[in-house]
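Biologist: I should like to go through this structure with you, beginning with its ligand. Please explain each term as it arises.

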Amino acid sequence: MVVKIEVLTLFPEFVEQVVKVGIPRKAVEVGALSLSARDIRNYSDGADRRVDDRPYGGGPGMVMEPGPLADAIAAAKTAIGNAKVVALSPQGLPMTQALVKQLAVEPALVLVCGRYEGLDERVTPLIDFEVSLGDFVLSGGELAAMALVDAVSRWLPGVLGHEGSAEADSFSAGLLDHPHYTRPPSWRGEAVPDVLLSGDHAKIARWRLKQALGATFLKRPDLLEELELSRPHAELLKEFLHERSGEKN
Ligand code: SAH
């Protein structure tokens, strides 16, 4: 199965960069993802290719006209079939791993990137929902759409190898990822934790889970509050904190 994504934008060449490198590129190469960036200006009704105009009621900035957006959305839906239409917006649902995972099983997505002050409100009925990259204002939806394409591509079948399974990443189990180490075994006087050299996979898994619980407790306690920790996990976290206080003393 391939996820088909159409991105509606004033900067198609910019958006296409996301599938030129790394995991999103691989997703296209293995046939799990197809991405096409559609220029909203192609749907301008004037010869000047303008798609924005002054806001009713006055004030700064320009607003994207509804007509070209509606035509671009219709054309994108015709091209890729029954797609969910997602507008990138600071007012949208936060882009979490849970949301990304849900979007990765959609057969087709149309991502609408605003510019200027945003979209004319009357296109709202054409949008299924809005997604936000975070509580800050970007100058356009493109970086948010590219972030979404990147994050979705990690979940597509055949894209990450066995070792890089997306399930092991931060947030997938509601926890942050455990720390990672590679060679050399000792660097600037710091050794890699012994357990990782032990070859004992059960022990390694237990250590990693303990570190993931500890990292989440220290860096993102809000995530732990949302999880109901099982007894064994709560015990592991206690062990982490105990060992950490031992190190500090
Ligand atoms: N006046 C709007 C912001 C417009 S910014 C407001 O304050 O709500 C222009 C465009 O950038 C938006 O239409 C949206 O597509 C995009 N954008 C800005 N911030 C974003 C964010 N945090 N997440 C996703 N898209 C964003």
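Modeller: A polar contact is a pair of N or O atoms within 3.5 Å; within protein, one must be able to donate a hydrogen and the other to accept it, and residues adjacent in sequence count only if both atoms are side-chain atoms. This is a predicted model, in which local features need pLDDT of at least 70 and side-chain atom pairs count only at pLDDT 80 or more, while totals for chains, interfaces and linings use all residues. Residues are numbered from 1 along each chain as its sequence is written, and side-chain values use heavy atoms, with hydrogens and water left out.

Biologist: Which residue has a backbone N or O atom 2.9 Å from a nitrogen atom of the ligand?

Modeller: Polar backbone atoms of two residues lie by oxygen atoms of the ligand: Leu88 at 2.6 Å and Gly140 at 3.4 Å. The protein covers 86% of the 560 Å² of accessible area (Shrake-Rupley method, 1.4 Å probe) that the ligand has on its own. For the nitrogen atom at 2.9 Å, the backbone partner is Leu138.

Biologist: Which element gives the largest share of the shell around the ligand?

Modeller: The shell holds 20 residues, each with a heavy atom within 4 Å of the ligand. Strands here are DSSP runs of E with at least two residues, and helices are runs of H or I with at least four, numbered from the N terminus. Two elements give two or more residues to the shell, β5 (84-94) and β7 (129-132). The largest share, four residues, comes from β5.

Biologist: How many charged residues does the shell have?

Modeller: Asp, Glu, Lys and Arg count as charged; Ala, Val, Leu, Ile, Met, Phe, Trp, Tyr, Cys and Pro count as nonpolar, and the others, Gly among them, as polar. Nine residues of the shell are nonpolar and nine are polar. The number of charged residues is two.

Biologist: Which residue has a positive phi although it is not a glycine?

Modeller: Most residues other than glycine have a negative phi, and most peptide bonds are trans. The residue in question has a phi of about 60° and belongs to the loop between β6 (108-113) and β7. It is Tyr116.

Biologist: Which peptide bond is cis?

Modeller: Its proline, Pro184, is found in the loop between α5 (142-153) and β8 (186-187). With omega near 5°, the cis bond runs from Arg183 to Pro184.
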